[in-house]
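Biologist: I'm new to this one, so could you take me through a single part up close? I'd like to hear about the sheets and how their strands are arranged.

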Amino acid sequence: MGEHPQGGPAAGLPLLEDLPPLAGRRVLVRADLNVPLRTGSGGQREVADDFRIRAAVPTLRWLVDQGATVTVCSHLGRPKGVPDPATDLQPVRARLAELVPEVRLLDNLRWDPGEEAGDEAFVRRLVDGQDAYVNDAFGASHRAHASIVGPPRLLPSAAGRLLAKEVQVLGGLLAAPARPFVAIVGGAKVADKLGVLRSLLQVVDCLVVGGGMAFTFLAAKGIGVGASLVDQARLEECRVLLEEAGDRLVVPEDVVCLSPEGTLADGGPGSGRTMVASAVPEGWRGLDIGPATAARFAACLAEARTVFWNGPMGVFEDERFAAGT
């Protein structure tokens with residue numbers, strides 16, 4: 001079993017050092033390059049935050065230094081199985097080439113319906129001509145998508161540096177966290193994270209929920225959410241979770257809202273009126289946690305000895321809704 005260069009084994013995962021010799025071999029890397037884009041001053045799409053691209057570099061550089069020919073694949077957004085200019089990876093490809101010019105980035109995996117369907121024929125097209133596979137996409141590894149679960153069945157496989165580090169750190173948090181242990185979870189889609197929330201509630205002392213997913217919890221409590229993002233199919237699950245967790249599950253008590261005619265910033269100023277409210281008015285959208293909520297969340301975190309943070313508290317790409325994050 002390989003050792004992670006920065007500190008020990010990663011929960012029994014095969015690591016890069018466990019792969020066969022790579023000189024002259026082709027390696028497919030599943031990365032998570034699902035980064036925010038914006039419209040630049042010249043009207044072209046560009047990367048707004050390259051953190052995830054930079055996080056992939058250690059794995060890619062190691063493989064290149066071993067003499068491998070590296071092909072990278074990733075998703076971007078939710079194009080629903082068809083090519084979509086808004087989710088073209090070209091801006092990501094340009095930034096990646098500045099950091100590691102020796103690698104090739106495929107088109108958005110989710111442009112093909114076979115990716116989200118876990119289609120075997122799509123898997124075989126992905127691995128055609130490849131000699132090994134590396135998964136460095138921790139943020140996508142909970143999904144049974146073709147690029148995640150398919151290649152390890154067909155090729156020698158390993159965890160990349162980022163995935164190994166995430167597993168190692170999270171394994172320690174779940175096994176023996178310093179207490180109080182507080183988790184703060186945000187992001188847009190509650191359906192994506194309900195399983196994570198249930199698991200966290202088994203080990204944390206306090207679970208703080210923000211971001212778009214919080215509005216399904218607020219709706220489950222009977223609080224007005226206006227035109228905010230709500231998953232109607234998950235209302236009952238959220239209600240049960242709130243009941244079971246009691247005071248250990250903390251949701252927003254005020255939010256920053258955008259008026260019905262308002263638009264979000266996208267490389268320029270957004271429009272519309274904003275206000276802070278405990279319940280979102282009809283037609284308005286809640287897009288960030290409010291100041292009272294931020295203070296309450298901060299109080300939960302102040303005494304924590306372990307903090308796990310996953311996901312933003314609002315639409316931070318628009319500065320009017322970035323304060324919570």
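Modeller: There are 10 helices and 14 strands in the chain, and keep in mind that this is a predicted model. Let's take the sheet whose strands run in the order 5-4-1-6-7: an open sheet of five strands, with parallel pairing. Its edges are strand 5 (104-105) and strand 7 (157-159), and each of those pairs on one side only. Go to the strand 5 end and you'll find strand 4, residues 69-73, pairing with strand 5 in the parallel sense over two bridges. To put a finger on one spot there, look at Thr71, whose bridge partner in strand 5 is Arg104.

Now set that beside another open sheet, one of four strands in the order 10-9-8-14, again with parallel pairing. Here strand 10 (249-250) and strand 14 (306-310) are the edges; each has a single partner strand, so one side of each has no neighbour in the sheet. For strand 10, the partner is strand 9 (residues 206-209), joined in the parallel sense over two bridges. Find Leu207 and you can follow the pairing across to Leu249, its bridge partner in strand 10.

Stepping back to the chain around these sheets, 45% of its 325 residues count as buried. If you take contacts between residues at least 6 apart in sequence, 71% of them join residues at least 24 apart. The radius of gyration is 21 Å, which agrees with a compact globule, because 325 residues packed that way would give a value near 20 Å. Along its principal axes, the C-alpha trace spans about 60 × 50 × 30 Å.

Methods:
Residues are numbered from 1 along each chain as its sequence is written. This is a predicted model: local features need pLDDT of at least 70, side-chain atom pairs count only at pLDDT 80 or more; totals for chains, interfaces and linings use all residues. Side-chain values use heavy atoms; hydrogens and water are left out. Two strands pair if DSSP finds at least two bridges between them. The radius of gyration is taken over C-alpha atoms; the globule rule is 2.2 Å times the number of residues to the power 0.38. Buried means under 20% relative accessible area, exposed over 50%, partly exposed in between (1.4 Å probe, protein chains only). Contact means heavy atoms within 4.5 Å.
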